[in-house]
Amino acid sequence: MALPIAVLVSGGGSNLQSIIDRIESGTLDAEIRLVLSNKPDAYGLTRARNHGIPAVALEHTRYGSREEFDQAMVRTIRDHGAESVILAGFMRILTSEFLNAFPGRVLNIHPALLPSFPGAHGQRDAADYGVRIAGCTVHFVDEKMDHGPVIIQAAVPARPGEDEETLGGRILTLEHRIYPQAVQWLAQGRLRMAGRHVQLDPSEAAPAPQPENALVNPPLENGF
Ligand code: GRF
């Protein structure tokens with residue numbers, strides 16, 4: 001059975017789109033039961049509707065507390081039958097109560113090589129710092145921001161003087177490959193967490209060609 005997921009967005013939703021595309025092409029064994037946003041005008045909601053996926057906005061400003069907002073999200077996610085939660089540019093910190101509702105089943109993508117440059121401006125902070133290697137990380141979510149156990153990372157070279165736009169664009173291209181891949185591993189039940197360490201159970205599949213000028217670990221598999 002396809003993994004029933006909710007994708008949470010606050011903005012454009014290009015990562016959401018990469019997941020939709022892999023599902024529609026038959027590579028990713030998941031079903032998006034719901035796209036949820038705290039911003040009613042998030043373009044990610046439009047992307048969902050364009051693909052016949054239920055799209056719901058819950059405005060956090062209408063709730064008295066973070067806890068109440070998270071309770072409403074949990075109810076909505078469960079009502080739609082989703083059992084795992086994929087954060088794709090969702091700009092809210094989640095309470096323990098939310099995380100406890102989906103134990104070991106909340107993923108996030110961050111546009112930097114964690115633990116470097118957590119926070120809302122990973123690409124900009126890396127570019128400003130002058131790093132020569134940048135990248136992105138998919139991780140399980142815990143109570144701390146951009147902190148939980150790492151599932152997969154992709155690294156790209158950064159050039160001197162490069163700005164957030166060009167570096168961020170190169171990182172985003174890889175985000176669109178590693179995030180659907182990580183969700184597929186979750187769907188296949190191949191991710192095992194032991195403390196901070198995430199073990200990927202091996203597969204019989206032949207190794208896929210890896211992206212040029214990038215280092216991805218664990219390596220991408222066929223179709224990603
Ligand atoms: C991505 O850079 C992601 O890593 C970060 O927020 C951005 C979302 O972009 N968490 P999009 O909405 O998926 O286009």
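Phe-117 lies in the loop between E5 and H5, where helices (H or I, at least four residues) and strands (E, at least two) are DSSP runs numbered from the N terminus. The model is predicted, so that local features need pLDDT of at least 70 and side-chain atom pairs count only at pLDDT 80 or more, while totals for chains, interfaces and linings use all residues. Residues are numbered from 1 along each chain as its sequence is written, and side-chain values use heavy atoms, with hydrogens and water left out.

**Backbone geometry**

Most residues other than glycine have a negative phi, and most peptide bonds are trans. Phe-117, although not a glycine, has a positive phi of about 55°. The loop between E5 and helix H5 (122-129) is also the place of Pro-115, which is joined to Leu-114 by a cis peptide bond with omega of about 10°. A positive phi, about 50°, is found for Asp-146, again not a glycine, and Asp-146 lies in the loop between strand E6 (133-140) and strand E7 (150-157). The peptide bond from Asn-217 to Pro-218 is cis, with omega near -5°, and Pro-218 is found in the segment after strand E10 (215-217).

**The ligand site**

The residues that surround the ligand, each with a heavy atom within 4 Å of it, are Gly-12, Gly-13, Ser-14, Asn-15, Gly-89, Ile-109, His-110, Pro-111, Gln-123 and Glu-175. This shell divides into two nonpolar, seven polar and one charged residue, on a scheme in which Ala, Val, Leu, Ile, Met, Phe, Trp, Tyr, Cys and Pro count as nonpolar, Asp, Glu, Lys and Arg as charged, and the others, Gly among them, as polar.

The table gives polar contacts of the ligand, each a pair of N or O atoms within 3.5 Å.

| Residue | Protein atom | Ligand atom | Distance |
|---|---|---|---|
| Asn-15 | backbone N or O | oxygen | 2.8 Å |
| Ile-109 | polar backbone atom | nitrogen | 2.9 Å |
| Glu-175 | polar side-chain atom | oxygen | 2.7 Å |

Taken alone the ligand exposes 360 Å², of which the protein buries 81%, the accessible areas coming from the Shrake-Rupley method with a 1.4 Å probe, with only the protein chains shown counting as cover for residues. Helix H1 (14-24) and strand E5 (106-110) are the elements that give two or more residues to the shell around the ligand. Because domain 1 (1-103) and domain 2 (111-138 + 150-224) both give residues to this shell, the ligand lies between them; the domain bounds come from an automatic or database domain assignment.

Terms used. A polar contact is a pair of N or O atoms within 3.5 Å; within protein, one must be able to donate a hydrogen and the other to accept it, and residues adjacent in sequence count only if both atoms are side-chain atoms.
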